[in-house]
Amino acid sequence: MPKEFRLPDLGEGIAEAQVVRLLVKPGEQVKEDQYLMEVETDKAAVEIPSPYAGVAEKIHVQEGQTVNVGDVIVSFGEVGAKTDSGKSEKKEKEAESKPKAEQKQETAQTRAPVEREAPEAPESGGARRTTAPAAPVVRKLARELGVNIDDVSGSGPGGRVLKEDVEQYAEGNGRPAGRGDQDRGAGMPAPAKGRPTPRPAGPPPGEVSQDKWGTIRKAPINQIRKTIAIQMKRSAFTAVHVTHSDDVDITELDRARRELNEATGDDPKLTIMAFVIRAVCLALRKHPIFNASFDEENGDIIYKDYVNLGIAVDTERGLVVPVVRDADQLSMRGIAQALRQLAEKVRTNQFTVDELRGGTFTITNVGALGGTVSTPIINYPEVAILGLGRSRKMPVFRDGQVAEALMLPINLSFDHRATDGANAARFAGDIISYLTMPWRFLLD
């Protein structure tokens, strides 16, 4: 019996998604729970499993197309006719006999989209677990071709390994998977030296066309960029942005950090970013207005008793802001561990939607990319955001003498509707005080 499969509820109030990749073709025999396509919501990539076993007679969507929840995406014919020994037909009859509300609940439990595939289980013979982001069909292809998928550089969104990547690798055009970008997130530990490796050059995406001045390429805006655009526009035209800038002498902090890492030898190592997070958490206790949201509609300022720090991360798919929950409750090593976990998720593109929600204050770090002064846009409805620039050695005066110091630029943007410049200067001053005199961490 033919069936129409509609884009299911993706949760979190998500109303639409963009088709990133189709995983089946028209006329293809599909197994129940086999992935049909990969879609991208506002932040997370989601794989849609098939609710039926049968022939996918018609695919109603194309790669790059935006689809609303409830739209028909695949039409099935001969559902349950050739697979699972009538298992699907039996399930359909059972479902038809149940009340609609019960059917809906069961569907939500058993047909929920999968936000990420689980790591592959070790195979017999001692095959190791793979971590490269890729669809199951791509993993299967890699196994069939004898390719270690972890060695393949992905050209898909977020470094996702595509079928073409595996085929090219198998043909001898492959190269070891780059791991240098794993700390590429704007808020992540920066490379130790030098400028970051630029992204591979190449023609921009899109269909080639012409305007009256020459050749152009027209590409649809992906879902993440749409979300960023909406959020940034809302923030820029709602919050009243003011940016307070300063330089922080982190010479002593950097010395203490190195000595701590050498003395303890613990892993993960402490980074400057870990100390900045700790300093921000301590300063937020004294300045709760910066750990709040401004509810203009209801005339309220909503102070948060918890500190969930958003860390802005630059990924191939676009800027995302995963949240470190209860960051003020973490030790320095706990913060360093949280940063390591974020770096790993950036590398494998395994953020869930829930991990991108609930932030109360955001830190963004463009230091790894260069530059000292910027105007961070507030992650609305938060009240403020702290931007870090590139630390560099500079001459300073100490006791009337010129000395060398390691200086870290900071840029604090805040919503002038919620607070004033004097409060921002005091808040920034407390952050600076912790970073300049690291022994203060022992007191608070």
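# Strands and helices in a predicted model

Both faces of strand β12 (residues 292-295) are covered, since Ala292 and Phe294 on one side are buried, as are Ser293 and Asp295 on the other. This strand belongs to a predicted model, in which the protein has nine helices and 21 strands. Of the 444 residues of the protein, 45% count as buried, and the points below look at where some of these buried residues lie.

**The protein as a whole**

- Among the contacts in the protein with a separation of 6 or more, 63% join residues that are 24 or more positions apart.
- The accessible surface of the protein comes to about 23100 Å², and carbon and sulfur atoms account for 51% of that surface.

**Strand β12 and its hairpin**

- Strand β12 pairs in the antiparallel sense with strand β13 (residues 300-303), and four bridges connect the two; at one of these places, Ser293 has Ile302 of β13 as its bridge partner.
- The two strands β12 and β13 form a hairpin with four residues between them, and Gly299 in the turn has a positive phi of about 70 degrees.

**Strand β19 and its partners**

- Five of the five residues of strand β19 (residues 384-388) are buried, so this strand is largely enclosed by the rest of the structure.
- In a regular strand, side chains alternate between the two faces of the sheet.
- In β19, Ala384, Leu386 and Leu388 point one way while Ile385 and Gly387 point the other way, and all of them are buried.
- Strand β18 (residues 361-365) pairs with β19 in the parallel sense over four bridges, whereas the pairing of β19 with β21 is antiparallel and runs over five bridges.
- Ile385 of β19 takes part in both pairings, for Thr362 stands opposite Ile385, and the bridge partner of Ile385 in β21 is Ser413.

**An open sheet of four strands**

- Four strands make up an open sheet in the order β1-β8-β6-β3, and their pairing is antiparallel.
- Strands β1 (3-6) and β3 (28-30) stand at the edges with a single partner strand each, so one side of each is left without a neighbour in the sheet.
- Neighbouring strands of this sheet are turned against each other by 40 degrees on average, with direction ignored.
- Strand β3 pairs in the antiparallel sense with strand β6 (residues 54-59) over three bridges, and Val30 stands opposite Gly54 in β6.

**Helix α6**

- Helix α6 (residues 251-264) has 14 residues and reaches 20 Å from its first C-alpha to its last, which is close to the 20 Å expected at 1.5 Å a residue.
- The buried residues of α6 are Leu253, Asp254, Arg257 and Asn261; seen down the axis of α6, these buried residues fall within an arc of 95 degrees, so they line one face of the helix.
- The face of α6 turned away from this buried side carries the exposed residues Glu262 and Ala263, while the cover over the buried residues includes α7, α8, β21 (401-415) and α9 (421-436).
- Gly265, which follows α6, has a positive phi near 65 degrees.

**Helix α8**

- The 17 residues of helix α8 (residues 332-348) should span 24 Å at 1.5 Å a residue, and the end C-alpha atoms of α8 are 25 Å apart, which agrees.
- The buried residues of α8, including Met332, Ile335, Leu339, Leu342 and Val346, pack against α7 (272-286), β14 (309-311), β15 (313-315) and β17 (323-324).
- Asn349, which follows α8, has a positive phi near 55 degrees.

How values were computed:
Residues are numbered from 1 along each chain as its sequence is written. This is a predicted model: local features need pLDDT of at least 70, side-chain atom pairs count only at pLDDT 80 or more; totals for chains, interfaces and linings use all residues. Side-chain values use heavy atoms; hydrogens and water are left out. The expected span of a helix is 1.5 Å times one less than its number of residues. Buried means under 20% relative accessible area, exposed over 50%, partly exposed in between (1.4 Å probe, protein chains only). Contact means heavy atoms within 4.5 Å. The arc is that of the directions from the helix axis to the C-beta atoms. Two strands pair if DSSP finds at least two bridges between them. Axes are lines fitted to C-alpha atoms, for helices over the stretch in contact, and angles run from 0 to 180 degrees between N-to-C directions. Accessible areas come from the Shrake-Rupley method with a 1.4 Å probe; for residues, only the protein chains shown count as cover.
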